[in-house]
Amino acid sequence: MSSIKQVQDLERQLAQTRKQLHDLRSAAKGDVSSQSPSARNLKHPFHSEGSPRSRSRPVIKQDLSRVRSSLPKVGAGLFKPLYPYNVQVSTHSIPESGLPALPPKHIADQILGQYFGSFHKTLPILHWPYFVDQYENVYREGTLQSVSRIWSALFFAVLGCGTLQRVRQDGHYYLDVSKNLTEAWDEDLSLDHVRCALLRSIILVENNCKSAGWICLGTAVHMAQDIGLHWETGSWPSAEEEMRRRLWWSIYTCDRLLSLELGRRPLINDADCETRLPTPLDDRQIPFSGPWTPQLSSEPASPLVVVFSVVDAVSRVLGELKKPSLSAATLQSCDSVFTDCIASFPARHQIRINEYLHPYELAPLIYLQNARLMLHRHNLTPLCPASERTAAIDRCCVVGQDTVQLLARCMQNAPASSPASPTSPFTQDTWESRLKSAATTFLSTHLWRCTLLFSFRGDYNAALVCARASAAIGDARPVNTACGRYMDFFLRRLVAKIQQGEGAYLENDEEMMIYVSGDLQGSIETTWVWQNADDDARIKASPQSPFNKEPGYGAQSLGSTTRREGFIEWSGWEGVLETLSRLAQEHSSQVRRSSSHESFTPRVEGNAVHLVPSNDPQHPQIIPLSSSRISIANII
């Protein structure tokens, strides 16, 4: 049976490769209608016909050039011509007295290199060669006087994103400069206005200001819709048409991922979108001016292929997560969507292989893993019977094992051909430094959820792998510190429950179920801890809350000071790793003592660990999780 399945898998991969080759050849010939069904579905994941929606457009034979010339003047104050026919798009420069200082060139070069390696590959909202040309011209002149105000705002927003993975404290400064250079009430918008809003949203989310980032993302969505990025309208130069598509789908991607992360409804309605997917080619193959036709390339597949496949899968599942609980049929259907998504990945992005994976390639894979985990974690709700809640934890741990496999690949020694991470020259190039440099908020919170579930289930070795990755990230992401603090508290409660002999009944303990559900309690649609809460449970605002800023409150505290009230002391990631190591040792010793010197394979089911003898798999010996008391003195 295994050989037959391998043959079937190979045939499916071969068919997909042929289909992708056919699509690229068709694109090179300009044949839009021959796109693959998967590509059409990706544009509109919930469109029943599975093909791009397109408005019927009238065919006008009369010459309307004179009308187009006079209509903007006649309609001034009543309506705006569509972009780019709005000739009043703001291009004015900054007064010399208000010019911000340019950072030193060598520092700006490093920051832009970091941005290119960490963000541009998966969210290519800039035409990179053209942006770099403008950047070099600015530094040759030594001033921003010759460029528009909005380009200056975009430049500092890019710098702000580029500092997110660096041990620098100037990211907030670049964010403030970008914000101050943007006209709050600007009526004449351009692509750069949309780019600025999107980059500021990313900066806020990565600094653990998710609500502010969500609001800023809404601004980017509205700006994009204002200039018609969500429709295939107008006649554009080839490169600008491609960049419009890339910008729109980058916004769409952020909308879907943040909606999943926060448990909120997406801002973009698929019924209001007809924009085609961008071409998965490198910027260097797209000339900024002149005609351009996609050409076949021998280079590896673009990360955009993986990103858009994941976003397609996430979009299909988001609607299901609005239900109170998920049936077995729904879970199976969604799992098949994820399976098809993984099957469409290029070979090196397949999950269950042992080839080295650079942490910069993790992002789309973690997006997928997070969506899979969120799907099965949904049934932790008390609306589900106890058996379904237990099964939800088991399925989450199965998903988590795939994450452990990805981490193991990133922890390997990098081959000589692997690109070095753009870290500080004083930082040794290790798997820890590479992971820290590539870390994102989404990676940090996903590792935290996996560690929680593994610890709850008693798979401490898998929990250790995730916790080591989180410890390597450290304070590079503000949310990671909050994850560590929560994890430290959870482990203390877990040890106390085991010490009290309740380790075998954790699924029946609503307190522990709430703790392991984590940020499910932070969404109004999924929480159950705050239902019918007394007034005494309400948290009073602290004087140190970000809503009560004192004069001179520095933006360097962005994200790190949110919700200071209620913070508890914790032992750092070193303490978390130590606790998990002791738990793993005690659990292994318990298994060895219970096995009577016989070789068993532990398997968790329900409230017990099934020890399956290697020579008799049909008769498992059942050992309760709490059959021997674990000494708190040995663990903490």
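This presentation covers the confidence of one protein model, its overall make-up, three helix pairs and two loop residues.

Good morning, colleagues. The structure before you is a predicted model, and I begin with its confidence. The mean pLDDT of the protein is 78, and 70% of the residues reach 70 or more. Two stretches stay under 50 throughout. In residues 559–565 the pLDDT remains under 50, and the model gives that stretch 18 contacts beyond four places in sequence. Residues 614–636 likewise stay under a pLDDT of 50, and there the model has 52 contacts beyond four places in sequence.

Next, the overall make-up. The protein contains 21 helices and three strands. It has 636 residues, of which 50% count as buried. If one takes the contacts between residues at least 6 apart in sequence, 72% of them join residues at least 24 apart.

I turn now to the helix pairs, in sequence order. Helix H4 covers residues 105–120 and helix H5 covers residues 128–141; their axes come within 12 Å and cross at roughly 170°. An angle over 145 degrees counts as roughly antiparallel, and H4 and H5 are therefore roughly antiparallel to each other. On the H4 side, the residues that meet H5 are Lys 105, Ala 108, Asp 109, Leu 112, Tyr 115, Phe 116 and His 120. Their partners in H5 are Trp 128, Phe 131, Tyr 135, Glu 136 and Tyr 139. By class, this contact has eight nonpolar, one polar and three charged residues.

The second pair is H8 and H10. H8 spans residues 191–206, and its axis comes within 11 Å of that of H10, with a crossing of roughly 30°. That angle makes H8 roughly parallel to H10. The crossing of these two helices is left-handed. H8 contributes Leu 191, Val 194, Arg 195, Leu 198, Ile 202 and Val 205 to the contact. From H10, the contact residues include Glu 240, Met 243, Arg 244, Leu 247 and Ser 250. The contact of H8 with H10 divides into 10 nonpolar, one polar and three charged residues.

The third pair is H16, residues 441–457, and H18, residues 478–499. These helices pack at an angle of about 5°, with their axes 9 Å apart. H16 and H18 are therefore roughly parallel to each other. Among the contact residues of H16 are Thr 441, Ser 444, Thr 445 and Trp 448, and among those of H18 are Val 479, Asn 480, Cys 483 and Tyr 486. How many charged residues does the contact of H16 with H18 have? The contact has no charged residues; it has 10 nonpolar and six polar ones.

Finally, two loop residues. Asn 208 lies in the loop between H8 and helix H9, the latter covering 210–226. The phi of Asn 208 is near 65°, a positive value in a residue other than glycine.

Arg 284 is placed in the loop between helix H10, 238–262, and helix H11, 303–318. Is Arg 284 buried or exposed? Arg 284 has a relative accessible area of 65%, so it is exposed. Arg 284 also leads back to the H4 and H5 pair, where Trp 128 is one of the H5 contact residues. Arg 284 and Trp 128 are 156 residues apart in sequence, yet 7.9 Å apart in space, C-alpha to C-alpha.

That concludes the presentation. Thank you for your attention.

How values were computed:
Residues are numbered from 1 along each chain as its sequence is written. This is a predicted model: local features need pLDDT of at least 70, side-chain atom pairs count only at pLDDT 80 or more; totals for chains, interfaces and linings use all residues. Side-chain values use heavy atoms; hydrogens and water are left out. pLDDT is the predictor's confidence in each residue, from 0 to 100. Contact means heavy atoms within 4.5 Å. Helices (H or I, at least four residues) and strands (E, at least two) are DSSP runs, numbered from the N terminus. Buried means under 20% relative accessible area, exposed over 50%, partly exposed in between (1.4 Å probe, protein chains only). Axes are lines fitted to C-alpha atoms, for helices over the stretch in contact, and angles run from 0 to 180 degrees between N-to-C directions. Angles under 35 degrees count as roughly parallel, over 145 as roughly antiparallel, 65 to 115 as roughly perpendicular and the rest as oblique. A crossing is left-handed if the near helix is turned anticlockwise from the far one by less than a right angle, and right-handed if clockwise. Ala, Val, Leu, Ile, Met, Phe, Trp, Tyr, Cys and Pro count as nonpolar, Asp, Glu, Lys and Arg as charged, and the others, Gly among them, as polar.
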